[in-house]
Amino acid sequence: MSEHYDIIVVGAGPSGSTAARFAVEGGTKVLLIERKRDIGIPVRCAEGVSEKPLREFIEPQSSFIRNYISRVRLFAPNDIPVVLTPLNSGYILDRRVFDRKLAEIAAEKGAEIITSCTAIEIEKQSDGTVDLLMFHRGREIKANCKIIIGADGVESRVGRWFGLETVTTIHNTEGALEYVITHPNINRKFCDFYFGAEIAPGGYLWVFPGEENTASVGLGCAGDKLVRNSLRNLLNKFIDRKYPGAKIISEVAGGIPVQATLKEIIADNLMLVGDAARQVNPMTGAGIINGMIGGKIAGETASNAINNGSWKREDFVGYQEKWHKRIGTDHQKFFKMKEVINRFSDNSLNKIADTINSLPEDERTLRKVFMTALFKHPTLLGELRHLF
Ligand SMILES: Cc1cc2nc3c(=O)[nH]c(=O)nc-3n(C[C@H](O)[C@H](O)[C@H](O)COP(=O)(O)OP(=O)(O)OC[C@H]3O[C@@H](n4cnc5c(N)ncnc54)[C@H](O)[C@@H]3O)c2cc1C
């Protein structure tokens, strides 16, 4: 490891490795550090992504894909499924391999990578650069850089070191618990989503099929709804009902920030990306591709700033603007929609499912589901009118 870098990226998840890759492609000297010993392990994710945006970054390869999915079913609280029109196809990834592959690409392009290395503090220097203090294999080390890209995930601390407001309320943090199970009844063709106050209060439950007879079955619920319902009780209840006798192969728990992107994701010497910037889709909790998009824009912006010789907040405004133009503004709408949808009673959700099921299958789009929901609750139209 050298003592001076142009850019240090903290966190080698999908956002960080992508930021490092695009920063280095712009001709800069980049260090990517990761707290874990092995990039991608343990996995805290259901690993679902859409095919089209994934291809913007990497050609899908069998080494990191567990399953190809083109159909989605939404289950109403009364267990009646709505089979949606096939639209965008997607993949269930193997993130242990995928995350590592993204880091390998960054390394092949020229980024230096250190694992088992935790960022612990920054010290701003009088020459406008920053020293990053790290803990690596039992000792403190230090490196100097001009720009830090904070890609340190949902528990991010880097933003706070630079004075950004990063606190997420308990309501906007979904607690998530997931098992990988084996069971003969798993249908590999469908990604299934279950809704209802008794199933996943303030969120939803998913069944994402992976290899033959295996699936990730998990649920994310609004933090403030979990006082009386423990995630484990809810998940066990569901599995006993739908997949009795299932064998649990692994278990992951984590938090998902389901809010709009932070108001400020830039500061002098700093850009935040991915979960650290709250770039997750607040309706679905999906953050892999969004983080990679944020990472790409931030990496390019960082290398431009280095090449132009200035790394102050104003040099990063383009990143913030491009992010909002491409995705962030939509997320503000999705956040409001999520709040409205979470107010639907189980009875309403059952009725919406009935209405959608009365349509021919090729008209059962997500948009139609949402519009049907609104017309069943005309008072909500007023609240959401300004979004469209
Ligand atoms: C149960 C669950 C299921 C999910 N399912 C899906 C899904 O199906 N599809 C989807 O798109 N999204 C899903 N998500 C969300 C998705 O996992 C995240 O949005 C995505 O991982 C964000 O990528 P990231 O690179 O920003 O952060 P992360 O992947 O969290 O990576 C951050 C990295 O930073 C490292 N780090 C943290 N602090 C430091 C430090 N101080 N120093 C050095 N390294 C540090 C961490 O070890 C970690 O490797 C799910 C999340 C959960 C919890």
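# Exercises on a predicted model

Glu-47 sits in the loop between E2 and E3. The model is predicted. Each exercise below has a worked solution.

## Exercise 1. Backbone outliers in one loop

Find what sets the backbone apart at Glu-47 and at Pro-42, and place Pro-42 in the chain.

Solution.
- Start with Glu-47. Its phi is near 75°, a positive value in a residue that is not glycine.
- Next, take the bond between Ile-41 and Pro-42. This peptide bond is cis, with omega about -5°.
- Now place Pro-42. The loop between strand E2 (30–33) and E3 holds Pro-42. Glu-47 also belongs to the loop between E2 and E3.
- Set this against the general rule. Most residues other than glycine have a negative phi, and most peptide bonds are trans.

## Exercise 2. Domains and the ligand

List the domains, then work out where the ligand lies relative to domain 1 and domain 2.

Solution.
- The domain assignment gives domain 1 (7–45 + 95–169 + 261–333), domain 2 (57–93 + 170–257) and domain 3 (339–387).
- The centres of domain 1 and domain 3, taken over C-alpha atoms, are 37 Å apart.
- Count the shell: 36 residues surround the ligand. The closest are Gly-11, Gly-13, Gly-153, Gly-274 and Gly-287.
- Sort the shell by class. It has 15 nonpolar, 13 polar and 8 charged residues.
- Check the elements. At least two shell residues come from each of helix H1 (14–25), strand E3 (48–50), strand E9 (117–124), strand E13 (173–182), strand E17 (247–257) and helix H6 (288–308).
- Conclude. Domain 1 and domain 2 both give residues to the shell, so the ligand lies between them.

## Exercise 3. H1 against H3

Describe how H1 packs on helix H3 (residues 95–109): axis distance, angle, handedness and contact residues.

Solution.
- Two packed helices are described by the angle between their axes and the distance between the axes.
- The H1 and H3 axes come within 8 Å and cross at roughly 15°. An angle under 35 degrees counts as roughly parallel, so H1 is roughly parallel to H3.
- The crossing of H1 past H3 is left-handed.
- From H1, the contact uses Pro-14, Ser-17, Thr-18, Ala-20, Arg-21, Val-24 and Glu-25. From H3, it uses Asp-99, Leu-102, Ala-103, Ile-105, Ala-106 and Lys-109.
- By class, this contact of H1 with H3 has 7 nonpolar, 2 polar and 4 charged residues.

## Exercise 4. H1 against H6

Are H1 and H6 roughly parallel or roughly antiparallel to each other?

Solution.
- The axes of H1 and H6 are 7 Å apart, and the angle is about 30°. H1 and H6 are therefore roughly parallel to each other.
- H1 passes H6 in a right-handed crossing.
- The H1 residues in contact include Pro-14, Ser-15, Gly-16 and Phe-22. Those of H6 include Ile-288, Gly-291, Met-292 and Lys-296.
- The contact of H1 with H6 divides into 9 nonpolar, 8 polar and 3 charged residues.

## Exercise 5. H6 against H7

Give the relative direction of H6 and helix H7 (residues 317–341), then list the residues that meet.

Solution.
- The axes of H6 and H7 come within 9 Å and cross at roughly 150°. The cut-off is over 145 degrees, which makes H6 roughly antiparallel to H7.
- H6 passes H7 in a right-handed crossing.
- On H6, the residues are Asn-290, Ile-293, Gly-294, Ile-297, Ala-298 and Thr-301. They meet Gly-318, Tyr-319, Lys-322, Trp-323, Arg-326 and Ile-327 of H7.
- The contact of H6 with H7 has 6 nonpolar, 4 polar and 2 charged residues.

Definitions and conventions: Residues are numbered from 1 along each chain as its sequence is written. This is a predicted model: local features need pLDDT of at least 70, side-chain atom pairs count only at pLDDT 80 or more; totals for chains, interfaces and linings use all residues. A residue is near a molecule or strand if its C-beta atom, placed from the backbone, lies within 6 Å of it. Helices (H or I, at least four residues) and strands (E, at least two) are DSSP runs, numbered from the N terminus. Ala, Val, Leu, Ile, Met, Phe, Trp, Tyr, Cys and Pro count as nonpolar, Asp, Glu, Lys and Arg as charged, and the others, Gly among them, as polar. Domain bounds come from an automatic or database domain assignment. Axes are lines fitted to C-alpha atoms, for helices over the stretch in contact, and angles run from 0 to 180 degrees between N-to-C directions. Angles under 35 degrees count as roughly parallel, over 145 as roughly antiparallel, 65 to 115 as roughly perpendicular and the rest as oblique. A crossing is left-handed if the near helix is turned anticlockwise from the far one by less than a right angle, and right-handed if clockwise. Two residues are in contact if their C-beta atoms, placed from the backbone, lie within 7 Å.
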